[in-house]
Amino acid sequence: MLVDLDAIRESLPILLSGLKITALVSVIGIPTGIFIGALLAYAAESRVSFLRLFSKSYVEVVRNIPFLIIVYLSYFGLPKIGVVMSDLHVGLITVAFYTGGYFCEVMRAALHSVPKGQTQASVSLGMRPLAVQWHIVIPQLLSFLLPPTTSLVIMMFKETSILSVVALKELTYQSNLLSSTTFAYVEVFGMAALLYWLCSLVLDVTGNHLERHVEKWSMK
């Protein structure tokens with residue numbers, strides 16, 4: 001038989017345990033990165049030059065350095081300055097850091113999509129800055145933000161596989177470990193690919209559902 005079904009059955013529990021770690025890193029790290037990215041976007045649009053410089057530098061680092069190198073530098077470099085963290089904490093921090101840089105650019109593009117005249121008119125009518133953001137800007141941003149944010153979330157979910165290089169016991173790490181002991185490379189990596197694909201499909205469907213929901217809400 002071309003496919004060893006016994007190998008698949010025996011490897012599935014271990015792969016699912018790895019998927020739990022992948023999901024944990026994604027559920028905590030990616031939303032944290034989105035929050036960081038939103039703050040960076042507002043910093044990039046502020047009138048304070050230091051904040052603009054900091055935001056631009058952050059984005060340039062993320063744009064120009066591969067995620068793998070950032071993971072290596074965090075795992076091996078931080079202990080040299082006295083910051084010792086577990087592989088899970090390195091995973092969470094690097095995923096949040098990398099997501100933040102990309103979401104900053106997504107958020108900036110969304111902010112530019114809202115005509116400045118609307119915010120200026122709201123301020124001239126006496127609305128406070130937070131009220132302007134909440135009632136005027138954010139409702140318009142959501143429909144613009146959701147498609148690229150869904151793509152970013154799926155991309156970063158798959159990028160967590162790189163954390164296997166620091167021995168974080170996520171899905172790809174468990175796949176490597178299993179295949180090296182069972183030699184059932186096709187079965188193990190095939191199951192891992194199927195799990196990644198199913199999770200990405202769920203994220204994509206969820207994003208599309210949110211887009212339709214926001215579209216209906218914005219038309220009311």
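What pattern does the protein chain follow, read along the sequence? The protein chain reads α-α-α-α-α-α-α-α, and its secondary structure comes to 8 helices and 0 strands, where helices (H or I, at least four residues) and strands (E, at least two) are DSSP runs numbered from the N terminus.

This is a predicted model, in which local features need pLDDT of at least 70 and side-chain atom pairs count only at pLDDT 80 or more, while totals for chains, interfaces and linings use all residues. Residues are numbered from 1 along each chain as its sequence is written, and side-chain values use heavy atoms, with hydrogens and water left out.

**The whole chain**

Begin with the protein chain in full view: its C-alpha atoms fill a box of roughly 70 × 50 × 20 Å, taken along the principal axes. Of the 220 residues in the protein chain, 36% are buried, a term that here means under 20% relative accessible area, with exposed meaning over 50% and partly exposed in between (1.4 Å probe, protein chains only). Among contacts (heavy atoms within 4.5 Å) between residues at least 6 apart in sequence, 79% join residues at least 24 apart.

**Helix α2**

Now select residues 49-64, which form helix α2. Its expected span is 1.5 Å times one less than its number of residues; for 16 residues this should give 22 Å, and the end C-alpha atoms are 22 Å apart, which agrees. Colour Ser 55, Tyr 58, Val 59 and Val 62, the buried residues of α2. Seen down the axis of α2, these buried residues fall within an arc of 95°, so they line one face of the helix, the arc being that of the directions from the helix axis to the C-beta atoms. The buried residues of α2 pack against α1 (5-44) and α4 (87-113), whereas on the other side of α2 the residues Ser 49, Phe 50, Leu 53, Lys 56 and Asn 64 are exposed.

Moving on along the chain, select Pro 66, which is placed in the loop between α2 and α3. Pro 66 is partly exposed, with a relative accessible area of 47%. Show Tyr 98 as well: Pro 66 and Tyr 98 are 32 residues apart in sequence and 9.5 Å apart in space, C-alpha to C-alpha.

**The nonpolar cores**

In soluble globular proteins, nonpolar side chains tend to be buried together. A nonpolar core is taken here as a set of buried Ala, Val, Leu, Ile, Met, Phe, Trp, Tyr and Cys residues joined through side-chain atoms within 4.5 Å. The largest such core has 31 residues, and those with the most contacts inside it are Val 95, Phe 103, Met 107, Leu 141, Leu 145 and Leu 163. The elements that give two or more residues to this core are α1, α2, α3 (67-77), α4 and α6 (129-159), and the largest share, 9 residues, comes from α4. A second, separate core of 13 residues includes Ala 7, Leu 19, Met 191 and Tyr 196.

Within the largest core, centre the view on Met 107, which, not counting residues up to four places away in sequence, touches Ala 38, Ala 41, Tyr 42, Leu 141 and Leu 145. Then step to Leu 141, in helix α6, which is buried with a relative accessible area of 2%. Leaving aside its neighbours within four places in sequence, Leu 141 is in contact with Tyr 42, Met 107, Ala 110, Leu 111 and Val 114. Leu 141 and His 112 are 29 residues apart in sequence, yet 9.4 Å apart in space, C-alpha to C-alpha.

**Two polar residues in helices**

Is Thr 150 buried or exposed? Thr 150 lies in helix α6 and, at 11% relative accessibility, counts as buried. Beyond its neighbours within four places in sequence, Thr 150 is in contact with Leu 203, Asp 204, Gly 207 and Glu 211.

Next select Ser 11, found in helix α1, which at 2% relative accessibility also counts as buried. The side chain of Ser 11 reaches the backbone oxygen of Ile 8 at 3.1 Å. Not counting residues up to four places away in sequence, Ser 11 touches Leu 178 and Val 188.

**Cysteines**

Finish with Cys 104, which counts as buried at 0% relative accessibility, and Cys 199, which is partly exposed with a relative accessible area of 23%. How many disulfides does the structure hold? The structure holds 0 disulfides, a disulfide being a pair of cysteine sulfur atoms within 2.5 Å.

Technical notes:
A polar contact is a pair of N or O atoms within 3.5 Å; within protein, one must be able to donate a hydrogen and the other to accept it, and residues adjacent in sequence count only if both atoms are side-chain atoms.
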